Amino acid sequence: MELGNKIKALRLQKKLTQADLSKLAQVAQSVISDIENNKRKQGISVIYVQRLAKAIGVTVAELLDEEEQTA
């Protein structure tokens, strides 16, 4: 699963809007939208990944993990 798709799935699981996540993570909503829609061609800043992971309540390793986690 691509990073943007994973962030979106986790955000929706937590019942957060992009605006909510933006405030929690201190990342612009437009950046979150670009990430979720896989439009960030230049890559994603490590700081953004750290802030988003913390706001969503997962570790960076969990967020970047390529393997699907089954519940």
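This report describes the overall fold of one chain, the packing of two of its helices, and two loop residues with positive phi.

**Overall fold**

The model is predicted. The secondary structure of the chain consists of five helices and zero strands, and its elements follow one another along the sequence as α-α-α-α-α. For 71 residues, a compact globule would be expected to have a radius of gyration near 11 Å, and the chain agrees with this, since its value is 11 Å. Taken along the principal axes, the box filled by the C-alpha atoms is roughly 30 × 25 × 20 Å.

Buried residues make up 31% of the 71 in the chain. About 4,900 Å² of the chain is exposed, and 50% of that area is supplied by carbon and sulfur atoms. Among contacts with a separation of 6 or more, 55% are between residues 24 or more positions apart.

**Packing of H2 and H3**

Helix H2 covers residues 18–25 and helix H3 covers residues 29–36. Their axes come within 9 Å and cross at roughly 115°. The crossing of H2 and H3 is right-handed. On the H2 side the contact involves Gln18, Ala19, Leu21 and Ser22; on the H3 side it involves Gln29, Ile32, Ser33 and Glu36. Sorted by class, the residues of this contact are three nonpolar, four polar and one charged.

**Loop residues with positive phi**

Lys15 and Asn38 can be set side by side.

| Residue | Phi | Loop | Relative accessible area |
|---|---|---|---|
| Lys15 | near 60° | between H1 (3–13) and H2 | 73% |
| Asn38 | near 55° | between H3 and H4 (46–56) | 28% |

Lys15 is a residue other than glycine with a positive phi, and the loop that holds Lys15 joins the end of helix H1 to H2. How exposed is Lys15? Its relative accessible area is 73%, and exposed means over 50%, so Lys15 counts as exposed.

Asn38 is likewise a residue other than glycine with a positive phi. The loop of Asn38 lies between H3 and helix H4. With a relative accessible area of 28%, Asn38 falls between the 20% limit for buried and the 50% limit for exposed, and is therefore partly exposed.

The helices H2 and H3 thus appear twice in this account: they meet each other through the residues named above, while H2 follows the loop with Lys15 and H3 precedes the loop with Asn38.

Notes:
Residues are numbered from 1 along each chain as its sequence is written. This is a predicted model: local features need pLDDT of at least 70, side-chain atom pairs count only at pLDDT 80 or more; totals for chains, interfaces and linings use all residues. Side-chain values use heavy atoms; hydrogens and water are left out. Axes are lines fitted to C-alpha atoms, for helices over the stretch in contact, and angles run from 0 to 180 degrees between N-to-C directions. Helices (H or I, at least four residues) and strands (E, at least two) are DSSP runs, numbered from the N terminus. A crossing is left-handed if the near helix is turned anticlockwise from the far one by less than a right angle, and right-handed if clockwise. Contact means heavy atoms within 4.5 Å. Ala, Val, Leu, Ile, Met, Phe, Trp, Tyr, Cys and Pro count as nonpolar, Asp, Glu, Lys and Arg as charged, and the others, Gly among them, as polar. The radius of gyration is taken over C-alpha atoms; the globule rule is 2.2 Å times the number of residues to the power 0.38. Buried means under 20% relative accessible area, exposed over 50%, partly exposed in between (1.4 Å probe, protein chains only). Accessible areas come from the Shrake-Rupley method with a 1.4 Å probe; for residues, only the protein chains shown count as cover.
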